[in-house]
Amino acid sequence: MYMNTVSRKWISARTQNCSRIVLALLLFVSNQYLCTAALAASEPHIQFNVQHYYPADGLAGETVRDITQTPDGKMWFACWGGGISSYDGYSWVSYRKPEGLPTQYVRTLHVDGAGRLWAGTEKGMAYFTGTQWRSVSTGIPEHEYPSVFSIVEQGENLYVGDGESFIYTCTLDPNPAAPEPASAWAISYDRSLFDNYSGTRCLLVLDNGDILGAVSVSGLIVLHEGAWSVVPDFPSTTQKKDMIQTLNGDIWVASDSGIVRFDGRQWETIDSDIYLPSCLIETSRNTLYIGTSKSLEVYKNGQADSLDLGGLVPNT
């Protein structure tokens with residue numbers, strides 16, 4: 001992710017050559033502030049340019065739960081308890097209940113194919129109109145405003161996972177100016193495959209178009225040809241925090257029990273000693289970065305290592 005003129009204050013790199021890959025690692029340290037570390041992944045030695053952002057600088061809250069970028073180049077931050085902040089490289093703008101959010105407890109953000117920004121909150125969904133937020137009801141009795149944990153998009157449909165292990169879906173209007181961007185909400189998964197209702201913590205659209213769902217402490221489910229089923233042979237894990245499919249097709253799952261990988265043949269626990277992994281990202285050079293509660297782990301060419309940030313990021 002490289003942002004040039006619009007957000008030149010956000011990340012600086014040693015080069016503007018677009019052929020060089022720049023990975024923005026967004027680290028949340030002690031839930032007190034946001035800091036960025038820019039990696040020039042094509043350089044033989046990693047170069048960091050770290051800047052910290054606090055609520056005093058304009059960030060809506062101390063705990064950042066999710067980050068995304070809209071087509072206009074703005075960065076958006078979901079702040080638990082504080083609402084949502086945007087940053088254009090020059091100034092911060094924050095949005096809270098007076099600006100239309102159903103609550104200031106925001107977990108996740110999603111930009112759909114039409115460029116609309118969605119927010120998943122503790123009290124339902126909302127989308128950004130360009131000036132304010134508008135709350136969305138599913139219209140489903142007893143599920144009008146679910147506590148949202150995850151949002152993904154597959155084709156013309158949006159899928160939303162909630163804290164009670166339900167998954168909802170709706171049809172998106174491809175017109176970005178549509179007054180009602182979503183219609184025909186329905187329950188896609190009714191938590192019938194597991195007895196433990198601990199929340200659909202994360203959803204992942206796979207390369208083949210299937211959707212993988214992590215039912216927090218129960219297991220994995222997959223949507224294939226319109227039907228959900230249990231993923232077989234997935235190792236017993238505790239709360240799942242993130243999932244990614246890497247360029248070679250492998251599926252990685254970060255859970256409180258460690259890192260689990262599917263190589264196309266079998267599931268394998270890669271590292272059970274890693275401390276509370278919570279987020280995964282891969283560069284174009286097949287390097288996997290894993291954010292944990294104590295460190296930043298790196299997997300490259302099958303080898304694991306902890307990334308030394310040279311004291312730029314305080315210990316948690």
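**A walk through a predicted all-strand chain**

Let me start with a single residue, Cys79, which has 0% relative accessibility and therefore counts as buried. Before I go on, please keep in mind that this is a predicted model. Cys202 has a relative accessible area of 6%, and because the cut-off for buried is under 20%, Cys202 is buried too. With cysteines on the table, how many disulfides does a search of the whole structure find? The count is zero.

Now for the overall picture. What is the chain built from, helices or strands? There are 27 strands and zero helices. The chain has 316 residues, and 49% of them are buried. If we take contacts between residues at least 6 apart in sequence, 40% of those join residues at least 24 apart.

Since strands are the theme today, here is a quick reminder for anyone new to this. Strands in a sheet are paired by backbone hydrogen bonds, and the pairing can be parallel or antiparallel.

Let's look at one sheet. It is open, it has four strands, and their order is β12-β13-β14-β15 with antiparallel pairing. Which strands sit at the edges? They are β12, covering 148-154, and β15, covering 182-189, and each of them pairs on one side only. Going from one strand to the next, the twist averages 25°. If you zoom in on β12 and β13, the latter being residues 157-162, you will find six bridges joining them in an antiparallel run. As an example to click on, Ser150 has Gly161 in β13 as its bridge partner.

These strands also bring us to the inside of the protein. The largest nonpolar core has 15 residues, and the ones touching the most other members are Trp118, Met125, Ile151, Leu158, Val160 and Trp185. Which strands supply at least two residues each? They are β10 (124-128), β12, β13, β14 (167-172) and β15. The largest share is three residues, and it comes from β14.

Met125 is a nice one to select on screen. Leaving out residues up to four places away in sequence, its contacts include Trp118, Ile151, Leu158, Val160 and Trp185. Met125 also touches Pro102, Arg134 and Val148, among others. There is a second core as well, separate from that one, with 14 residues, including Leu220, Val231, Phe234 and Ile251.

On to another open sheet, this one with four strands in the order β16-β17-β18-β19, again antiparallel. Its edge strands, each pairing on one side only, are β16 (200-205) and β19 (227-230). Neighbouring strands here are turned by 25° against each other on average, ignoring direction. Inside this sheet, β17 (residues 211-215) and β18 (residues 219-224) pair over five bridges in the antiparallel sense. One position to look for is Gly213, which stands opposite Ile221 in β18.

Further along, we come to a hairpin. Strand β22, residues 258-262, and strand β23, residues 267-271, are antiparallel partners with four bridges between them. Ile259, for instance, has Asp271 in β23 as its bridge partner. Four residues separate the two strands of the hairpin, and Gly264 in the turn has a positive phi of about 100°. Phe262 lies in strand β22. What does Phe262 touch beyond its neighbours within four places in sequence? Its contacts are Asp250, Ile251 and Trp267. Ile251, you may recall, is one of the residues of the second core. Phe262 is also 9.3 Å from Gln245, C-alpha to C-alpha, with their positions 17 residues apart in sequence.

Last stop: the aromatic rings. Searching the whole structure gives 16 aromatic pairs. Why is the pair of Trp80 and Tyr105 called edge-to-face? Their planes stand at 75°, and planes over 60 degrees apart count as edge-to-face, so the pair gets that label, with the ring centres 4.9 Å apart. This pair links distant parts of the chain, 25 residues apart: Trp80 is in the loop between β5 and β6, while Tyr105 is in the loop between β7 and β8. Trp80 is partly exposed at a relative accessible area of 25%, and Tyr105 is partly exposed at 36%. Finally, one aromatic cluster is formed by Tyr53, Phe77, Tyr87 and Trp92.

Thanks for listening, everyone!

Methods:
Residues are numbered from 1 along each chain as its sequence is written. This is a predicted model: local features need pLDDT of at least 70, side-chain atom pairs count only at pLDDT 80 or more; totals for chains, interfaces and linings use all residues. Side-chain values use heavy atoms; hydrogens and water are left out. Two strands pair if DSSP finds at least two bridges between them. Axes are lines fitted to C-alpha atoms, for helices over the stretch in contact, and angles run from 0 to 180 degrees between N-to-C directions. A nonpolar core is a set of buried Ala, Val, Leu, Ile, Met, Phe, Trp, Tyr and Cys residues joined through side-chain atoms within 4.5 Å. Buried means under 20% relative accessible area, exposed over 50%, partly exposed in between (1.4 Å probe, protein chains only). Contact means heavy atoms within 4.5 Å. A disulfide is a pair of cysteine sulfur atoms within 2.5 Å. Rings of Phe, Tyr and Trp (its six-membered ring) pair if their centres lie within 6.5 Å; planes under 30 degrees apart count as stacked, over 60 as edge-to-face and the rest as tilted.
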